[in-house]
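Thanks for making the time this morning. I would like to walk you through one model, so please have a look at it before I go on.

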Amino acid sequence: MTLCPEQLAQALTTWQQRLRLVDWDITAEIKPGTGEEWGSVVTFPEKKRATITLLDPQNVTPAEANNQDHERTLIHELLHIPTLQFYNCEDHDDPKFIMYEQFIHQTSCALVGLARVINEERPPS
Ligand SMILES: [Zn+2]
């Protein structure tokens, strides 16, 4: 599931509130990339500022297109913001870093899945 810029802005507002990150100045944008990463986040903790980048669907191969989920990736990158102090490591082969990334990934999958179930169960207004 991919988002247009307007949907991304709405999703950022929603998830920033849900994850109690409203005191952060966070921007999110969809940008071309190599297709190796669904997204990334750059943080400036001293300024409580962060920039999230999500991969442009045009840079995703057809085989991978069904796996792209902008909302899940947005949540993943947002979850990095309050947890960066837990494990901030440049060595991406470090088993602890891999475990940290897996935890962030699993949590983002659970949160987006729950949000969608709740949306489906909500009676139409
Ligand atoms: Zn990550």
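I will take the core, then a helix pair, and then a single residue.

This is a predicted model, in which local features need pLDDT of at least 70 and side-chain atom pairs count only at pLDDT 80 or more, while totals for chains, interfaces and linings use all residues. Residues are numbered from 1 along each chain as its sequence is written.

The largest nonpolar core, meaning buried Ala, Val, Leu, Ile, Met, Phe, Trp, Tyr and Cys residues joined through C-beta atoms within 7 Å, has 15 residues, and Ala-28, Ile-52, Leu-54, Leu-74 and Ile-75 touch the most other members. Buried here means 20 or more other C-beta atoms within 10 Å, with exposed at 12 or fewer and partly exposed in between, the C-beta atoms being placed from the backbone. Helix 1 (5-18), strand 1 (25-31), strand 3 (49-55) and helix 2 (70-83) each supply at least two residues of this core, where helices (H or I, at least four residues) and strands (E, at least two) are DSSP runs numbered from the N terminus.

Setting aside neighbours within four places in sequence, Leu-54 is in contact (C-beta atoms, placed from the backbone, within 7 Å) with Ala-28, Ile-30, Gly-39, His-70, Thr-73 and Leu-74.

Turning to the helix pair, Glu-71, Arg-72, Ile-75, His-76, Leu-79 and His-80 in helix 2 meet Ile-104, His-105, Thr-107, Ser-108, Cys-109, Leu-111 and Val-112 in helix 3.

Finally, Arg-18 is found in helix 1, and counts as partly exposed because it has 13 C-beta neighbours inside 10 Å. Between Arg-18 and Leu-8, 10 residues apart in sequence, the C-alpha to C-alpha distance is 15 Å.

Definitions and conventions: Two residues are in contact if their C-beta atoms, placed from the backbone, lie within 7 Å.
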